[in-house]
Amino acid sequence: MIGISKLYCASIEPSDALRYGREAGKLPSHLLQFSKDKKPVVVWNMTRRCNLKCVHCYAQAEQEEGTDEISTQQGKAIIDDLAQYGSPVMLFSGGEPLVRKDLVELASYAVGQGMRAVISTNGTLITRSKARELKQVGLSYVGISIDGGEEVHDRFRAVKGSFKKAMQGVENCQAEGLKVGLRFTVNKRNVQEVPGIFQLIRDMEIPRICFYHLVYSGRGSDLMKEDLSHTETRQLVDMIMDETRNMYESGMTKEVLTVDNHADGPYIYLRLLKEDPDRARDVFELLQYNEGNNSGRGIGCISWDGSVHPDQFWRHHVFGNVLQRPFSEIWDDPSIELLARLKDKKSYVGGRCASCRFLNVCAGNFRARAEAYHGDIWAEDPACYLTDEEILKI
């Protein structure tokens, strides 16, 4: 994650992270990305079931009805292991996590074990009573996915009325005092919706928005040709920075982030070198704390069948199964070659990444995208939009 509001609008300083010793267990959630121990945030895709049919679903979710392979008690055992291991956040995802009737119970259990519990959802199943339950058990955050205005969103979700239901889910969370934000995956089909999304978070007083770059995974693989060009991506990131600054200047301090393209960090730094060199130096320090892509180190994924992956997009790489061996043992096993290399990926990346002056703040960007495009895990990420001149070592 690259915090546009944190970095570009100077809402945090390096001293904010240093105050907590940069330890994941002590950092507040908005500073967690700057931890030095990088204990993994774990995405648990707790079900493959879903009530929608999104065209870009990385999980290739299936129908809402059915059963799940991991029981409530097995889920609690997984949480016990993660909590003891020091994982700071449990992110419940799917499919659609709210189709599981034990979601509230499992979220409550994670909070009771000292973890932060958050959910990633399409928002359509968040009734007022469900929002109240989630608030009461101490859920930290609800991220609701959206793809644009009503017409565009419903087309992506393949279910008419899903936009209105998602917005009702936002309002239900707000009514119960539960922190809620939006998640938006950008591609050629919806990039024109970005200004409207900014207007939406203003109008509805939504405090957080995450803009996700497209990852070629699951059904998203079919959208590879729909990814933005490098020029379009630069224009997008500039627009996001401009819109964020405009909100801050008008007193609306929303949290704005981009996700899944760590070239955004150096791009912000390069822009600030022209606009505010003193702030640029602070941003470069924070980017080094962030360390760029953390698949296989600071983020991990447990699938609906218990399989462990380096992140939620890279499901054909399986390191083990939590129903057979604890996540903590799998994650620290030096004999799993790919996992060990991902913890030191800067030593293995090739192409432009190997000689890039920003390797320490990007870590070679997204390996899943590199493999999908080049057929080579360690090739350069095709979505890096920095020019050869910009990445040259000085």
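This short talk walks through one strand, its neighbours and the core around them in a predicted model.

Let me begin with strand β6, which covers residues 180-186. Six of its seven residues are buried, so β6 is largely enclosed by the rest of the structure. On one side, strand β5, residues 141-145, runs parallel to β6 and is joined to it by four bridges, with Ser145 standing opposite Arg183 in β6. Strand β7, residues 208-213, also pairs with β6 in the parallel sense, here over five bridges, and in this pairing Val186 of β6 stands opposite His213 of β7. Between β6 and β7 the chain passes through helix α8, residues 194-203, and this β-α-β crossover is right-handed.

Staying with that helix, which residues of α8 are buried? They are Val194, Ile197, Phe198, Leu200, Ile201 and Arg202, and the elements that cover them include β6 and β7 themselves, together with α7 (162-175), α9 (230-249) and β8 (255-259). After α8 comes Glu205, which has a positive phi, near 55°.

Now to the core. The largest nonpolar core has 103 residues, and the members that touch the most others are Phe92, Leu182 and Phe211. If we leave aside residues up to four places away in sequence, Phe211 touches Phe184 and Val186, then Val194, Ile197 and Phe198, and further Ile240, Val256, Leu257, Thr258 and Val259. Apart from this there is a second, separate core of six residues, among them Ala24, Val41, Val89 and Val118.

Key:
Residues are numbered from 1 along each chain as its sequence is written. This is a predicted model: local features need pLDDT of at least 70, side-chain atom pairs count only at pLDDT 80 or more; totals for chains, interfaces and linings use all residues. Side-chain values use heavy atoms; hydrogens and water are left out. Buried means under 20% relative accessible area, exposed over 50%, partly exposed in between (1.4 Å probe, protein chains only). Helices (H or I, at least four residues) and strands (E, at least two) are DSSP runs, numbered from the N terminus. Two strands pair if DSSP finds at least two bridges between them. A crossover is right-handed if, with the strands pointing away from the viewer, the path from the first strand over the helix to the second runs clockwise. A nonpolar core is a set of buried Ala, Val, Leu, Ile, Met, Phe, Trp, Tyr and Cys residues joined through side-chain atoms within 4.5 Å. Contact means heavy atoms within 4.5 Å.
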